[in-house]
Protein chains: 2
Amino acid sequence: MDASTAETFRQNYSDAELRDAMELLFFSYRDFIGEPDAILDDFDFGRAHHRVIHFVGRNPNITVSDLLSILKITKQSLSRVLSQLVREDFINQEQGPTDRRQRLLSLTEKGYALEEKLSAHQRSRIAKAFNQAGPEAVDGFYQVLLNMMNNPKEFKRRETS
Amino acid sequence: MDASTAETFRQNYSDAELRDAMELLFFSYRDFIGEPDAILDDFDFGRAHHRVIHFVGRNPNITVSDLLSILKITKQSLSRVLSQLVREDFINQEQGPTDRRQRLLSLTEKGYALEEKLSAHQRSRIAKAFNQAGPEAVDGFYQVLLNMMNNPKEFKRRETS
DNA sequence: AATAATAAGTCAGTGTTATTGACATATATG
DNA sequence: CATATATGTCAATAACACTGACTTATTATT
């Protein structure tokens, strides 16, 4: 979609259409997150652990407070999950080099292996959806979901090819 | 995207790209569901009530068991929420006309009003995202998310224009 | 050097949403 | 009549979130 046609967008969507989209989001997200649960059960972990492992994996050496603002949960909620992951050697904490109050978080090898295992199903689900829908659809998927975010800049797309 | 070019899709996405998409789903869904909570608080309701109200609204006279298979939660989980909504006159139950074991669910006027109020923010969020991204992007959004579902036929798109 | 602010962690209590398992009732179907 | 189905309910439990209050270590400010 180039700039010259940008003015010609239909700017009206009916409530029924918008409710369709709401429902599609619900269904697709429900199925998207429903998968790794079995693996997590084996470790006595839940979805909260999964999210922490994902975001620490994507942001090596992230601080606790930065992780908190991504997850938008409280320190106390994170604490339970994080201390468990550190205790069981999935996540490593080390003192910040310049600010020694910080505890920089990164995945251990064990943590990385779990992330791989957990995300395998989700990655192949997305790959399948992308391949079936085609590259133009993938662009649309990105555009719509980015525009749905409160702060689209929070999403850092690492790789485009 | 027409059938003639369907064979030319790039069929390989890197793990990093796929993890990008996972993250975008997380962020956009987090922001999408984060909004109606304040309204729900006023009624002492939670997200579970919201989901029930939404799906009963979209599927008038749905049976309890059909609602359960959409939500993919247990009967006991639904029961607490549903009986509360019935007790406070947001949802109406009536005996099935052919099968009297069934309790067909529908929104009362009060329930419909609440649904309107709750979905208003989400609808305008989606409308904004659709308008910013453009109609082709909207098509892509639909295609990708549909292909991400376990059973795309579960999604019934009511309106296309 | 003293004070204030920040980063992280912890203790205690609470609430929502989900779970499993067992069982009850009404109705429908073979 | 026996069995299956649709719904509802009781009890116990767990995951994941919350609020509020407080501590410790470290950094920044005055």
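These legends walk through several close-up views of a predicted model with protein chains A and B and DNA strands C and D.

**Figure 1. Chain A on its own.**
Start here to get your bearings: chain A has 7 helices and 2 strands. Going along the sequence, they come in the order α-α-α-α-α-β-β-α-α. Along its principal axes, the C-alpha atoms of chain A fill a box of roughly 55 × 40 × 30 Å. Chain A has 161 residues, and 47% of them count as buried. If you take the contacts in chain A with a separation of 6 or more, 50% of them join residues 24 or more positions apart.

**Figure 2. How chain A and chain B are related.**
Turn chain A by 180°, with 0.0 Å of shift along the axis, and it superposes on chain B with an RMSD of 0.1 Å. That makes the axis a two-fold one. Both copies use the same surface to meet, as 100% of the contact residues of chain A recur in chain B.

**Figure 3. Inside the largest nonpolar core.**
This core is made of 92 residues. Which of them touch the most other members? They are V52, F130 and F141 of chain A, along with V52, F130 and F141 of chain B. Zoom in on F141(B), and set aside its neighbours within four places in sequence. What remains in contact with F141(B) includes A21(A), L24(A), L25(A) and A137(A). Also on the list for F141(B) are G140(A), F141(A), V144(A) and L145(A), plus F130(B) from its own chain.

**Figure 4. The protein surface around DNA strand C.**
There are 26 residues around DNA strand C, and the ones that come nearest are K75(A), R101(A), G46(B), R51(B) and S77(B). On the DNA side, sugar and phosphate make up 56% of the strand C atoms that come within 4 Å of the protein. Two side chains here pair up with base oxygens of strand C: a polar side-chain atom of K75(A) sits 2.3 Å from one, and a polar side-chain atom of Q76(B) sits 2.7 Å from one. The backbone joins in too, with a polar backbone atom of R103(A) 3.4 Å from a phosphate oxygen of strand C. Which elements give two or more residues to this surface? Chain A offers α4 (64-71) and α5 (75-87), while chain B offers α3 (47-58) and α5 (75-87). With 4 residues, α3(B) gives the most to the surface near strand C. By type, the residues near strand C split into 3 nonpolar, 13 polar and 10 charged.

**Figure 5. The protein surface around DNA strand D.**
Now for the other strand: 26 residues surround DNA strand D, with R47(A), R51(A), Q76(A), K75(B) and R101(B) coming nearest. Sugar and phosphate account for 57% of the strand D atoms that come within 4 Å of the protein. A polar side-chain atom of R51(A) lies 2.3 Å from a phosphate oxygen of strand D. Another phosphate oxygen contact involves Q93(B), whose side chain has an N or O atom 2.7 Å away from strand D. R101(A) goes for a base instead, with a polar side-chain atom 3.4 Å from a base oxygen of strand D. The elements giving two or more residues here are α3 (47-58) and α5 of chain A, together with α4 (64-71) and α5 of chain B. The largest share, 4 residues, comes from α3(A). Sorted by type, the surface near strand D has 3 nonpolar, 13 polar and 10 charged residues.

**Figure 6. The loop at T108(A).**
T108(A) sits in the loop between β2 (103-107) and α6 (109-133) of chain A. Is T108(A) buried or exposed? Its relative accessible area is 13%, so T108(A) is buried. A polar atom of the T108(A) side chain lies 3.0 Å from the backbone nitrogen of G111(A). Leaving out neighbours within four places in sequence, T108(A) is in contact with D89(A), F90(A), I91(A) and N92(A).

**Figure 7. Two residues with a positive phi.**
Most residues other than glycine have a negative phi. D89(A) is not a glycine, yet its phi is about 65°. You'll find D89(A) in the loop between α5 and β1 (91-95) of chain A, and it is partly exposed, with a relative accessible area of 41%. K72(B), also not a glycine, has a positive phi near 55°. K72(B) belongs to the loop between α4 and α5 of chain B, and at 48% relative accessibility it counts as partly exposed.

Terms used:
Residues are numbered from 1 along each chain as its sequence is written. Chains are lettered from A and ligands numbered from 1 in the order in which they are written. This is a predicted model: local features need pLDDT of at least 70, side-chain atom pairs count only at pLDDT 80 or more; totals for chains, interfaces and linings use all residues. Side-chain values use heavy atoms; hydrogens and water are left out. A residue is near a molecule or strand if one of its heavy atoms lies within 4 Å of it. A polar contact is a pair of N or O atoms within 3.5 Å; within protein, one must be able to donate a hydrogen and the other to accept it, and residues adjacent in sequence count only if both atoms are side-chain atoms. Ala, Val, Leu, Ile, Met, Phe, Trp, Tyr, Cys and Pro count as nonpolar, Asp, Glu, Lys and Arg as charged, and the others, Gly among them, as polar. Copies are superposed by least squares on the C-alpha atoms of residues with pLDDT of at least 70 in both. Contact means heavy atoms within 4.5 Å. A nonpolar core is a set of buried Ala, Val, Leu, Ile, Met, Phe, Trp, Tyr and Cys residues joined through side-chain atoms within 4.5 Å. Buried means under 20% relative accessible area, exposed over 50%, partly exposed in between (1.4 Å probe, protein chains only).
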